[in-house]
Amino acid sequence: MVLRRLLRKRWVLAVVFGLSLVYFLSSTLKQEERTIRDRTLLQARDSEHRIAWKVHFNLGNSSRQITQCRNSVQGKTLLTDELGYVCERRHLLVNGCCNINTPSTTQYLCKSCLSNGCCSIYEYCISCCLQPDKQPLLEHFLNRAAEGFRNLFTAVKDHFELCLAKCRTSSQSVQHENTYRNPQAKFCYGESPPDLLPV
């Protein structure tokens, strides 16, 4: 009776061990296949993926050109459109573009941005990043982007999308995962993280 119980326990342990080993091996192989596939896709995208540096407008079916703008959407009071204009939400036109006929609407606004490309206001970061003279800086960043960043930035189609992605708060802006390195420079389009403020 004791021998039978002992054999049954060993048999159960052997089955559990065998199933665990099969699961481990299949998971490892799947992960390896995914890694190879992702690396191949990434290399293919790198060779064919080019950022569109000029903004393209959607054309309507009418004889005249109708412009539609994408914008930063989430701002409570401010928005930035893809032409680099910053405006108050109430000055946003129905086509998604900022109304450039209002005095407060400004293009390529870097008002809260430091020389390292970090800004205290998200919309100003996007607007400043959209300046045509920022293209070499952004191209340099894309060429040097780490593997993790590269996966993110290969999904970006143009200058506007790149600036939206770059200006979002990233791990570069924080220390100890819960405190801003510099509360006045949370949003960065540049390569360098914000300067660490003394405690």
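Which cysteine forms a disulfide with cysteine 110? The partner is cysteine 128, and the two sulfur atoms are 1.9 Å apart. This report follows that link and others through a predicted model.

## The overall layout

The protein holds five helices and seven strands. Along the sequence they follow the pattern α-β-β-β-β-α-α-α-α-β-β-β.

The protein has 199 residues, and buried residues make up 33% of them. The exposed surface is about 13500 Å². Carbon and sulfur atoms supply 57% of that surface. Now take the contacts between residues at least 6 apart in sequence. Of these, 48% join residues at least 24 apart.

## Seven disulfides

A disulfide is a covalent bond between the sulfur atoms of two cysteines. A search of the whole structure finds seven of these links. Three of them are described here, including the one from the opening question.

## Cysteine 110 and cysteine 128

Where do the two ends sit? Cysteine 110 lies in the loop between β3 and β4 (118–119). Cysteine 128 lies in helix α2, which spans residues 122–129. The pair therefore ties together parts that are 18 residues apart in sequence.

The angle about the S-S bond is 95°, and the link is right-handed. The two ends differ in exposure. Cysteine 110 has a relative accessible area of 25%, so it is partly exposed. Cysteine 128 has 2% relative accessibility, so it counts as buried. The cut-off behind these words is 20%: under that value, a residue is buried.

## Cysteine 69 and cysteine 97

A second disulfide joins cysteine 69 to cysteine 97, with an S to S distance of 1.9 Å. This pair links distant parts of the chain, 28 residues apart. Cysteine 69 is in the loop between α1 (2–48) and β1 (78–80). Cysteine 97 is in the loop between β2 (85–88) and β3 (106–107).

The link is right-handed, with 85° about the S-S bond. Are its ends buried or exposed? Cysteine 69 is buried, at a relative accessible area of 9%. Cysteine 97 is buried too, at 7%.

## Cysteine 118 and cysteine 188

A third disulfide runs from cysteine 118 to cysteine 188, S to S 2.0 Å. Here both ends are in strands: cysteine 118 in β4, and cysteine 188 in β7 (residues 187–188). The pair ties together parts that are 70 residues apart in sequence.

Why is this disulfide called right-handed? The torsion about its S-S bond is about 110°, so the link of cysteine 118 and cysteine 188 is right-handed. Cysteine 118 is buried, with a relative accessible area of 0%. Cysteine 188 is buried as well, with 5%.

## The nonpolar core

In soluble globular proteins, nonpolar side chains tend to be buried together. In this model, the largest nonpolar core has 24 residues. Which members touch the most other members? They are Ile126, Cys167 and Tyr189. Helices α2, α3 (135–144) and α5 (159–167) are the elements that give two or more residues to this core.

Cysteine 167 shows how parts of the chain meet. Leaving out residues up to four places away in sequence, cysteine 167 touches Tyr122, Cys125, Ile126, Cys129, Phe187, Cys188 and Tyr189. One of these contacts, Cys188, is also an end of the disulfide with cysteine 118. Two others, Ile126 and Tyr189, share with Cys167 the place of core members that touch the most others.

Terms used. Residues numbered from 1 in each chain as written. Predicted model: local features only at pLDDT ≥ 70, side-chain atom pairs only at ≥ 80, totals over all residues. Heavy atoms only, no water. Disulfide = S-S within 2.5 Å. Helix = DSSP H or I, 4+ residues; strand = E, 2+ residues; numbered from the N terminus. Buried < 20%, exposed > 50% of the residue type's maximum accessible area, 1.4 Å probe, protein only. Contact = heavy atoms within 4.5 Å. Areas by Shrake-Rupley, 256 points an atom, 1.4 Å probe, with all protein chains shown as cover. Core = buried A, V, L, I, M, F, W, Y, C linked by side-chain atoms within 4.5 Å.
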